[in-house]
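Here's a quick briefing to read with the model open beside you. Take your time and find each residue as it comes up.

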Amino acid sequence: MVLALCAVVGGCGLMARRELEEKQQVATAQMQAGLAECKARFPAEAKRYVEKTSCDYNAAQAIRPFLTYPDLFDKEWAERTLLAERLQAGKLTLAEANVQAASVHSQIAEDEQRRNLASRSVNAQEAAAAAAWKSTSCTRIGNTVNCF
């Protein structure tokens, strides 16, 4: 009976995970289609960088709900928008904008990695504390409890 219950609960978890993966694949496909449409609507020669960036941002929104750190997604797109505005105003060359966009993307990736490492560290500490707690045994003698 217990094994059957475990199998049912485990099966539900696998189904939920598969459903989430399917939704992510659909969102990724929607984003890619949207980005392709933006590229067609706003070719590089048109130099309509702000409109193209806005279009790309709207297309990329499809994957935002599946991201671990949506605030980093928002931060990167805000920076891209600023770069597009400066580029369109002639304050940057395309090469300079590309270098700065790559730098922003690298910073975002570093922030994500730092957060992931911090999360793993906390998880490891929590697991160690839980293991220590489980290995602790307590005995009661009268009104005194001794744990070791």
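Let's start with a pocket: α1, α3 and α4 each supply at least two residues to the lining of the second largest pocket. Keep in mind that this is a predicted model. From there we'll go through the pockets, then the aromatic rings, then the charged pairs, and finish with a loop residue.

**The second largest pocket**

- This pocket holds about 380 Å³ of space.
- It has 17 lining residues, and the closest to its centre are L67, F73, E76, H105 and I108.
- Which helix gives the most to this lining? That's α3, with five residues.
- Sorted by class, the lining of the second largest pocket comes out as 12 nonpolar, two polar and three charged residues.

**The largest pocket**

- The volume of the largest pocket is about 490 Å³.
- Its lining has 20 residues, and if you head for the centre, the closest ones are Y49, K52, T53, L87 and N98.
- Four elements give two or more residues each to this lining: α1 (2–41), α2, α3 and α4 (94–135).
- Once again α3 turns up: it gives the most to the lining of the largest pocket, with six residues.
- By class, you'll find 12 nonpolar, two polar and six charged residues in the lining of the largest pocket.
- If you're wondering how anyone finds pockets at all, rolling a probe the size of a water molecule over the atoms shows where empty space is left.

**Aromatic rings**

- How many aromatic pairs does the structure hold? There are three.
- One of them is Y57 with W77, an edge-to-face pair with 5.7 Å from centre to centre and 65° between the planes.
- Y57 belongs to helix α2 (residues 49–60) and W77 to helix α3 (residues 70–88), so this pair ties together parts that are 20 residues apart in sequence.
- Are these two residues buried or exposed? W77 counts as buried, at 8% relative accessibility, while Y57 is partly exposed, with a relative accessible area of 28%.
- Ring pairs also bring in F73, so that Y57, F73 and W77 are linked into a cluster. You've met F73 already, among the residues closest to the centre of the second largest pocket.
- W77 has a charged partner too: the charged end of R80 sits over the W77 ring, 4.4 Å from its centre.

**Salt bridges**

- Side chains of opposite charge can pair when their charged atoms come close. Searching the whole structure turns up nine salt bridges.
- Take K52 and D56 to begin with: their side chains meet in a salt bridge at 2.7 Å, N to O. Both residues lie in helix α2, four residues apart, which is about one turn of the helix.
- The partners in that bridge don't share a label for accessibility, because K52 counts as partly exposed at 22%, whereas D56 is buried, with a relative accessible area of 11%. K52 is also one of the residues closest to the centre of the largest pocket.
- E51 and R48 make another salt bridge with their side chains, at 2.8 Å, N to O. Here E51 counts as partly exposed at 38% relative accessibility, and R48 counts as partly exposed at 35%.
- What about a bridge between helices? The side chains of R115 and D71 meet in a salt bridge at 2.7 Å, N to O. R115 lies in helix α4 and D71 in helix α3, so the pair ties together parts that are 44 residues apart in sequence.
- R115 counts as partly exposed, at 31% relative accessibility, and D71 is partly exposed as well, with a relative accessible area of 40%.
- Salt bridges can also chain up: K75, D111 and R114 are linked in a network of them.

**A loop residue**

- Where does Y69 lie? Look in the loop between α2 and α3.
- Y69 is buried, with a relative accessible area of 17%, since the cut-off for buried is under 20%.
- Y69 and E112 are 43 residues apart in sequence, yet their C-alpha atoms are 7.4 Å apart in space.

Note on methods. Residues are numbered from 1 along each chain as its sequence is written. This is a predicted model: local features need pLDDT of at least 70, side-chain atom pairs count only at pLDDT 80 or more; totals for chains, interfaces and linings use all residues. Side-chain values use heavy atoms; hydrogens and water are left out. Rings of Phe, Tyr and Trp (its six-membered ring) pair if their centres lie within 6.5 Å; planes under 30 degrees apart count as stacked, over 60 as edge-to-face and the rest as tilted. Buried means under 20% relative accessible area, exposed over 50%, partly exposed in between (1.4 Å probe, protein chains only). A charge sits over a ring if NZ of Lys or CZ of Arg is within 6 Å of the ring centre and within 35 degrees of the ring normal. On a 1 Å grid over the protein atoms alone, a cavity is a set of points where a 1.4 Å probe fits but cannot get out, and a pocket is an open set with protein on both sides within 12 Å along at least five of seven lines; lining residues have an atom within 4 Å of a point. Grid points are joined across faces, edges and corners, and a volume is the space filled by probe spheres set on the points. Ala, Val, Leu, Ile, Met, Phe, Trp, Tyr, Cys and Pro count as nonpolar, Asp, Glu, Lys and Arg as charged, and the others, Gly among them, as polar. A salt bridge is a side-chain nitrogen of Lys or Arg within 4 Å of a carboxyl oxygen of Asp or Glu.
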